[in-house]
Amino acid sequence: MLQIAMIDDEEASLEIAKGAFQAFFHLVHDEADIKTFRNPEIFLDTMKDTRYDLICSDIIMQPIDGIELGKRIRAIDKDVPLIFISSNETNVFSCFAYNPIGFIRKTNFLQDTQSMLKHFYEDILPSKSVKRTLQVKSHGETVLLSLDDMMYIEGAHNYQSIHMKDKKETIEVRTLISDLEQELSPYGFLRVHKGFLVNTAYIYKFSTNDVTLKDGTKIPLSRQNREEILTKYMQMTKGTMI
């Protein structure tokens, strides 16, 4: 699932933009988790735990404007696709320093949005798809795994079993789960127990002692670190606790 962030300090503008983006991804039969932020600084804090596929920002904002936001985004991630939105077309020249993939005019919003998302989906995203994969060695062979299809990782000590969506057999790898956690946490993977790393996109609900995935699988939840895990889940998803 694509991770998209939209930043605008006007609630009405955010809702309109989110609706237009959702309509596009529905049209192309793809899924996108679109998170909206009215405060740019709160958004920047989420970049510690979330690797976005696309960021769309207004330019005229408080407490920092889109130009300053673009500078800070690039300090964290120099490659993430970035789109700027503004009602003032002269602002486009100030955006060039941060290498955006395009610019949406509020005065021509629907047409520009469709054109820009088409460009992102057909031209930009395919070239970056490698970033949504994990390359591992399993039984002497190199395997390239889709992060979107990885449900959870289970293991102990030096050996881990990767559970993939719609596959009964697991992928066995020799590595530390702490190393996988460090590599995958920016893509939405959460350590819920010392021996389990879970893709948050597959989490259905939390209980006292376990986590239930959308396919019914139950995974143990660390009782000692439960509150810390739930807080991190909320930071990663910016959603409602279930």
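Q: Given that buried means under 20% relative accessible area, exposed over 50% and partly exposed in between (1.4 Å probe, protein chains only), why is K35 called buried?

A: The relative accessible area of K35 is 6%. This value falls under the 20% limit, so the residue counts as buried. The model is a predicted one, in which local features need pLDDT of at least 70 and side-chain atom pairs count only at pLDDT 80 or more, while totals for chains, interfaces and linings use all residues. Residues are numbered from 1 along each chain as its sequence is written, and side-chain values use heavy atoms, with hydrogens and water left out.

Q: Where does K35 lie, and what makes its link to Q3 a polar contact?

A: K35 belongs to strand 2 (residues 32-37); helices (H or I, at least four residues) and strands (E, at least two) are DSSP runs, numbered from the N terminus. The side chains of K35 and Q3 are joined at 2.8 Å. A polar contact is a pair of N or O atoms within 3.5 Å; within protein, one must be able to donate a hydrogen and the other to accept it, and residues adjacent in sequence count only if both atoms are side-chain atoms. At 2.8 Å, the K35 and Q3 pair therefore lies within the distance limit.

Q: Why is the ring pair of F24 and Y121 called edge-to-face?

A: The structure holds 7 aromatic pairs. In the pair of F24 and Y121, the ring centres are 6.1 Å apart and the planes stand at 80°. Rings of Phe, Tyr and Trp (its six-membered ring) pair if their centres lie within 6.5 Å; planes under 30 degrees apart count as stacked, over 60 as edge-to-face and the rest as tilted. Both criteria are met, so the pair is edge-to-face. It links distant parts of the chain, with F24 in helix 1 (residues 11-27) and Y121 in helix 5 (residues 109-128), 97 residues apart. Ring pairs also link F24, F25 and Y121 into a cluster.

Q: How do you know whether F24 and Y121 are buried or exposed?

A: F24 has a relative accessibility of 6% and so counts as buried. Y121, at 22%, is partly exposed.

Q: What makes the pair of F43 and Y52 tilted?

A: The ring centres of F43 and Y52 lie 5.5 Å apart and their planes meet at 40°, so the pair is tilted. Both F43 and Y52 are buried.

Q: How do you know that the buried residues of helix 3 lie on the same side?

A: Helix 3 (residues 66-76) has G66, L69, G70, I73 and R74 buried. These residues cover an arc of only 135° around the axis, which puts them on the same side of helix 3; the arc is that of the directions from the helix axis to the C-beta atoms. They pack against strand 1 (2-7), helix 2 (40-46), strand 3 (54-58) and strand 4 (82-86), where contact means heavy atoms within 4.5 Å. At the start of helix 3, a side-chain oxygen of D65 comes to within 3.2 Å of the backbone nitrogen of I67.

Q: Why are strand 8 and strand 12 said to pair?

A: Two strands pair if DSSP finds at least two bridges between them. Strand 8 (residues 150-156) and strand 12 (residues 196-199) share 3 bridges in the antiparallel sense, so the requirement is met. I153 stands opposite L197 in strand 12. Strand 12 is also joined by 4 bridges to strand 11 (residues 189-193), again antiparallel, and H193 has F196 as its bridge partner. A hairpin of 2 residues connects strand 11 to strand 12.

Q: What makes both faces of strand 12 covered?

A: F196 and V198 on one side, and L197 and N199 on the other, are all buried.

Q: Why are strand 13 and strand 15 placed at the edges of their sheet?

A: The open sheet has 3 strands in the order 13-14-15, with antiparallel pairing. Strand 13 (203-206) and strand 15 (218-220) each have a single partner strand, so one side of each is left without a neighbour in the sheet. Strand 14 (residues 210-213) is joined to strand 15 by 3 bridges, and D210 stands opposite P220.

Q: What makes the backbone at H29 and P63 notable against the general pattern?

A: Most residues other than glycine have a negative phi, and most peptide bonds are trans. H29 has a positive phi of about 60° although it is not a glycine, and the peptide bond from Q62 to P63 is cis, with omega near 0°. H29 lies in the loop between helix 1 and strand 2, and P63 in the loop between strand 3 and helix 3. H29 is exposed, at a relative accessible area of 76%.
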